[in-house]
Amino acid sequence: MKYHAAMREALRCELERDPAVFFMGEDVGLPGGIFAQSRGLYEEFGAERVRDTPAGELGFMGAAVGAALTGSRPVVEISFADFFMTCIDQLVNQAAKIRYMSGGQAKVPLTVITFGGAGRNAGPQHSGSYEAWLGSVPGLRVVMPSTPHDVQGLLKAAIRSDDPTIVILNKALLGIADDSEPGVEPIPFGKAVVRREGEHVTIVAWSAMVQTALEAADILAAEDGVSCEVIDLRSIQPLDGELLGASARKTGRVVTVQETVTFAGIGAEVAAEVSRRAFGWLDAPVQIVGPPFTPVPFAPAMEGFVLPGVGSIVGAVREIL
Amino acid sequence: MKEIAPELRLRLYETMLRIRRFEEETGALFAAGELPGFVHLSIGQEAVPTGICAALGHEDTITATHRGHGHIIAKGADLGRMMAELMGKRTGYGAGKGGSMHIFSVDLGVLGANGILGAGQPIAVGAGLSAKLQGSDRVSVTFFGEGASAQGGVHEAMNLAAVWKLPVVFVAEINGYAELTPYQYHVSVPSMVDRAGGYGIPAVSVDGNDVEAVYEAAVEGVARARSGGGPVLIEARTTRWHGHFEGDRQLYRPAEELESLADHDPLTRQADRLVAAGLLGEEGLNVLERRVVEEVAEAVAFGRGSPEAAPEDALLHVYASEGAGAAGAAEVTR
């Protein structure tokens, strides 16, 4: 199944199974989504439950919060993650804090799907990755599936969760496919997964960087005889510290790789987890691979330059061997 | 418009009195240092929430503002749990986590007072959307002031409610000031009715110090929203007696305006009316006064007698689902 089709499949499954679920966003209804990710849902479930919104994220994100407070289970699409900035109050001050401020009376079963990430020459305002921002907000869950299988599983888990959950899909992954079928079970939050077992170095990645990390591991195995373990975080908040610690204790060397700038990023959290849980086992400092401290540029040559690639991961591993 | 039933006219007065005495006591407790943080009082504006909420049923929902005690009391809140919340006690509506600006009650349909101007209006649109999707005839009411009217969220909410024809009643509670700045410095039109027109929302402006006028407008607006007629806006022009927050010396307000506040008193106005109609005499007013004062005193006693929130209660209610929200790192270091 393809990555975007997995999103549609999970939505179809949840719309069918729970009448409280509805889906809304810009162009998601009649047009079927800018990436065809919701094609057919409007015809199947109607305009009330697959709802086109005006292009005003603050308004419809707030409406989703209000709907979640009153017995509905809204799923909202923010087409590009950068557009969070127009509705961040409703996510951070409202959705995330309402349960807390109400002393546990209220719940906000809200799911937000968005497309983040670079690599498509979409320019500085359509290419950002904001998992570190969102992951640092108490009350929000943040997951980032890297495979079609996980899109289904994590999106279903998000929709069934009683907490506001951000599902960040990656534009660069839209074309990928795996052998998953409809009917993937929900995947619990906070569970990372080992994509490749290894002995010498742990490479931690998430979202589009998982594929890049796996390619780097292939090269390191072939050219250096180095065996890399590749961990896909899948869940940013909560973070699976346990698996990170266990892998670091096994390999003694950790490299993390991310699409976002490294300052105050998730890689720093990975490094903190690893040093707290496996300091005595480490043979080298944790390496954090990420872009330089710039917005994502438009021109293909510049965008390719800032994004971490196979070469930068291979280089970082070689540096600590 | 049908005449308002005598018992309801009395109840309108009593609700306003309850808000007034609760807030006066709140102001006194704050001045005495018994309430942490800061408070915003709505003294002088009681007719607006009272008249609006009297037209609502239990299932209907409201979103209140940062100056929201009156809205929440008018929707039926327990004064003891409110006072406990203001004191940061465990028995408060938010178990001490929200405070004055964040009182929330699922049971009463209070979808939160809000510390963020213009945030409650999109949320109210969502409550209206839920009602529509669920085939319910619930109505969603949202209070906001002229300060919030400058927020984009209010405009987006009005557009959404109108485009989707949702059962939302926008109540523009115009008290003359956005925080410390007078109306004419930040609103480009004489009335919020003009704003509603831009979204195709029918609107009316009423004297917000006349509780019966507010009630009558609310009955009409709520009925229209409830019967599928889409959103409406009610502008209620009222008067804020106190500062933006307690402790605000209001040096920015003309002296004559401050001296004449009581001329606009919605309570006096309703009491005079009830007396003139023969529904209440001196003795009746005194009975009501004693009852409300006693109720407020009991609320204060309840608050004072309630257990403090334990410091570690701060860790509760972050997530509804199982599992710690914080990254594992916190578990290790604690």
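Trainee: How much area does chain A expose, and what share of it do carbon and sulfur atoms supply?

Mentor: Areas here come from the Shrake-Rupley method with a 1.4 Å probe, and for residues only the protein chains shown count as cover. Chain A exposes about 11100 Å², with 55% of it supplied by carbon and sulfur atoms. Before we go on: this is a predicted model, where local features need pLDDT of at least 70, side-chain atom pairs count only at pLDDT 80 or more, and totals for chains, interfaces and linings use all residues. Residues are numbered from 1 along each chain as its sequence is written, chains are lettered from A and ligands numbered from 1 in the order in which they are written, and side-chain values use heavy atoms, leaving out hydrogens and water.

Trainee: Okay. What fraction of chain A is buried?

Mentor: Buried means under 20% relative accessible area, exposed over 50%, and partly exposed in between (1.4 Å probe, protein chains only). Buried residues come to 63% of the 321 in chain A.

Trainee: And how do I read the radius of gyration of chain A?

Mentor: Take it over C-alpha atoms and compare it with the globule rule, 2.2 Å times the number of residues to the power 0.38. For 321 residues a compact globule would be near 20 Å, and chain A, at 19 Å, agrees.

Trainee: Now the rings. How many aromatic pairs are there over all chains?

Mentor: Rings of Phe, Tyr and Trp (its six-membered ring) pair if their centres lie within 6.5 Å; planes under 30 degrees apart are stacked, over 60 edge-to-face, the rest tilted. The whole structure has six such pairs. Phe35(A) and Phe80(A) have ring centres 6.2 Å apart and planes at 70°, so they sit edge-to-face. Phe35(A) is in the loop between strand 1 and helix 2 of chain A and Phe80(A) is in strand 3, so the pair ties together parts 45 residues apart in sequence. Helices (H or I, at least four residues) and strands (E, at least two) are DSSP runs numbered from the N terminus.

Trainee: Is Phe80(A) buried or exposed?

Mentor: Buried, with a relative accessible area of 14%. Phe35(A), Phe80(A), Phe83(A) and Phe115(A) also form one aromatic cluster.

Trainee: Over in chain B, which side chain does the side chain of Ser100(B) make a polar contact with?

Mentor: A polar contact is a pair of N or O atoms within 3.5 Å; within protein, one must be able to donate a hydrogen and the other to accept it, and residues adjacent in sequence count only if both atoms are side-chain atoms. For Ser100(B) the partner is the side chain of His69(B), at 2.8 Å. Ser100(B) is buried too, at 8% relative accessible area.
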